[in-house]
Amino acid sequence: MRRFGLAGWTVLGLAGLYFIVPLLMTVSFSLWQGHGNYGFDAYRSLLARPNLLPSLIVSIELGLATCAAIVLLLAPAMIFMHLYAPKLRPVFEFIAALPFVVPAIALVAGLSVLFTGPDWLIGTPFYLTIPYFFLALPYAYRAIDVGIRAIDLTTLTEAGQSLGASLGQIIRMVVLPSLRPALIGSMLLSFAVVMGEFTFANVLLFHTFAVLINEVGQNAPTEAAALSTLSFLITWGAMLGVLMVGRGNAQLGGAR
Amino acid sequence: MSQAATTPLRRDGVVHKRPASQGVAGLILPYSVIGLFIALAALFMAAPTVMLAVQSVTDDHGFTLKYLEALGGDNIVVAFRNSIVLSIASAAIGVVAGGLIAYFVISPAMPITLRSAVTSFSAVAANFAGVPLAFAFVSTLGTLGMLTQGLRSLGVDIYGLGFSLFSMTGLTIVYAYFQIPLMVIIITPALLALRTEWRESSENLGATSGQYWRMIGLPVLLPSLISAFILLFGSAFSAYATAYALTSGNIALLTTEIANVLSGDVSSSPQTGAALAVGMIVVMVGVLVISAAFSRRASRWHK
Amino acid sequence: MATVEARGVSKSYQGRTVLASLDLDMGEAELICLLGPSGCGKTTLLRIIAGFITPDTGTVHVGGRDVTALPPAARKMGMVFQAYSLFPNMTALDNVRFGPRVAGQAKTEQVKRAGELLDLVGLAQHRDKYPHQMSGGQQQRVALARALAVRPDVLLLDEPLSALDAKVRLQLREEIRRIQRETKVTTVLVTHDQEEALSISDRVAVMNGGKLLQVATPSVIYRQPADAFVARFIGLAGILPGVAEGAAVRMSNGTILPADAAVAHQSGRSVEMFLRPEHVRLQRMNGHVPPGALAADVQEATFLGSLTRVRLRLPELPDHAGLWADMPSEHAADFAPGQRVTAHWHETSPHVIAVEAAQAS
């Protein structure tokens, strides 16, 4: 039985201060109206901004589009790889690790060299779905991979086939339901990543939620604090979802 | 698809490693999905990376090394140094503080509610980064931040004492906010994998707690610690949003320098940006190679 | 090489009693097995002796010295766990010399000692292997050598064989006994495997519900179980419930069956008669049931090699009555399922235990 002494409480207490103080300060700063007055002015003027809603909607749309790409492309590709082409596993692992070796800013640089058109592709914010897919890839890949390993896909498929089910039936009735927690987890993670993503949007000049926070922060610090608070709540919501469906397996996003 | 009912058992009773054949038609969909994924990765991940490499060594007249040589320039060297120092410092803080927190949190004496609170908070904080994080710290420790003002009213002027949120120190403090929880999340499974039998055996054989950690605990954890450090290094090294929102480019970092080139804020050629990006990738690959070597040494006892 | 005395040891967790004021005495160089179903408290007792758990009450003395307040590291005990206890980052040799090493012995001394012990467990040629390169049985041998390297006063084995396959388990069991005899170290072995306990121990301590029910040599445990639990738990026993009547027991259908041991009980007392399968003889029914015999049907015959074990159905007795009979396999053809038989035994064979009021079913 290990003892939990003074050292433990000191470390956790200091860590608690370091992590909670900025949050409290941000919330109270967002309520600060100068000269000792507190109120919801910052939130009111934030809501009055004409560009708040459009940028929030763009970010949410991008988040949903990225989730769709994860579920409709990444998950099926991984399932099929496990079933039909396990030799491609190293290739998949390599692809999933690439975004880690190639920092987002380097990828932006490369993409802008390579693609200068056509306008229907790079001219709309949905172009961002492509880099966001790769940004979320390492985290989504991990989550889905853990899910697939946990269910022993091959045995499940064989069991289904021996009972006379077609591949389509097996995927629909057996594989997807048992992967649901992993899929929901990877979607929430990807959503959180996209909601906070700044690098691509800022460099490629798209007006997303994170870009808005930055813009607001340059001239209206209390409103920026209000936006930070909102953003924290969004992250909190997404992670709470991940923790709930993932039975306590915390995962990492990457909006740094 | 009519053959779907084929039994997965061969006549000799050996189970197929893969599902029984679906016929050629049944394989078109799976392989095209796999193909599409790989093609997208090639087009939008691999190709841009290769393009960067190519662009960094070409100008209007063909092959040149001048852009790569320009990486030796004073301000670029500063950016490299800042990025690497910041990444190492914040990763080191993250590994030590996050490791200690995780160690105390998984202690059996820890109340279970506190334990799950720390776990879920870590998940949130590790993902709470970028611009919102920067502004949270501006609200706290900025020149007008609540904590700065509070301390000032108590007679402590931290800015007067030489502190600045917009310095390397400040950036390190801010980065620690996502690095520490990241470490908690990464290292907790490794700590849980340390078997109680090892600890009890060592105790039973007369070892002190210090001897246990020095001779068993840390050596067994070392590969996990190395890869955690690399992950943290990478997460700080490629961080852009936090630094951009906080310093507005006052501190030269590789990521902000590249962004400046890309957005035309400075009058350098795109090739310089490409060379910088290649430099970043080289640093990351170098760090990975070095760590892989260390890791192999540290885990030679491993399967 | 020391005596071990546990006195009045009790432990409870959140109101649940795991050990209820228990006493255990061990002689020098004795090997005792703590045997019982899971949850009976045997592992808790072992861990209290080792010092990993502090008892709520009671003391532990080793060689006359009170060690109750000492931490595990100061107790001079070697412990072997169920599995996976070898340090994964050390070779077999480094694992074995760990104890001498932290005790500050000279390196040549450590290596010499470790080499001797690896010899003793027959793994001298595997000294440079890492745990993951060894089989489960080899790992447990190294763990045993490691525990012995500190020259412990007491050796504690916590189900050391339960993670191994049957064949290895048998080999290692004999080897543990041999090594224990050679080193003469007082040894406590926890197990839930009665065959293991009976074959290896000087004495067996049967535990249930946090209590020691009986501490005795294997043959006494087998022949004279102290109570109904021990009789049921150890070996296979037929159970015939009835009422004591002199040197016999009367069944619920009126049959009177011989049992010398019944004289120890007051006539009219509810008792259970326990019969080992090897004591029960069968004859094919030829019209009548002789006095002192019991009518039965063969329910099932299981071929066990030289022996065949016959399970009997007792249609006239209550459901929880049961009986088995062992016979040489060459006679088994006469006793196919469905055959009507009579069962009888020597009057000294049955063991008779009074039924406690609470247990009466």
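The following exchange asks how some terms are applied to this predicted model.

Modeller: In this predicted model local features need pLDDT of at least 70 and side-chain atom pairs count only at pLDDT 80 or more, while totals for chains, interfaces and linings use all residues. Residues are numbered from 1 along each chain as its sequence is written, chains are lettered from A and ligands numbered from 1 in the order in which they are written, and side-chain values use heavy atoms, with hydrogens and water left out.

Biologist: Why is A:Leu240 called partly exposed?

Modeller: Buried means under 20% relative accessible area and exposed over 50%, with partly exposed in between (1.4 Å probe, protein chains only); because A:Leu240 has 35% relative accessibility, A:Leu240 counts as partly exposed.

Biologist: Which residues make the nonpolar surface patch of about 300 Å²?

Modeller: A:Trp236, A:Leu240 and A:Met244 make that patch, and A:Leu240 has its place in helix H12 (residues 221-245) of chain A.

Biologist: What makes strand E1 (residues 4-13) and strand E4 (residues 57-62) of chain C a pair?

Modeller: Two strands pair if DSSP finds at least two bridges between them; 5 bridges join E1 to E4 in chain C, and these strands run antiparallel. One of the partnerships is that of C:Ala6 with C:Val60 in E4(C).

Biologist: How do you know that E4(C) also pairs with strand E5 (residues 65-66) of chain C?

Modeller: Here 2 bridges join the antiparallel strands, C:Val62 having C:Arg65 as its bridge partner in E5(C). E4(C) and E5(C) form a hairpin with 2 residues between them, and C:Gly63 in the turn has a positive phi of about 55 degrees.

Key:
Patch = residues over 30% accessible without salt bridge, like charges linked within 9 Å, V, L, I, M, F, W, Y side chains within 5 Å. Areas by Shrake-Rupley, 256 points an atom, 1.4 Å probe, with all protein chains shown as cover. Salt bridge = Lys/Arg side-chain N within 4 Å of Asp/Glu carboxyl O. Helix = DSSP H or I, 4+ residues; strand = E, 2+ residues; numbered from the N terminus.
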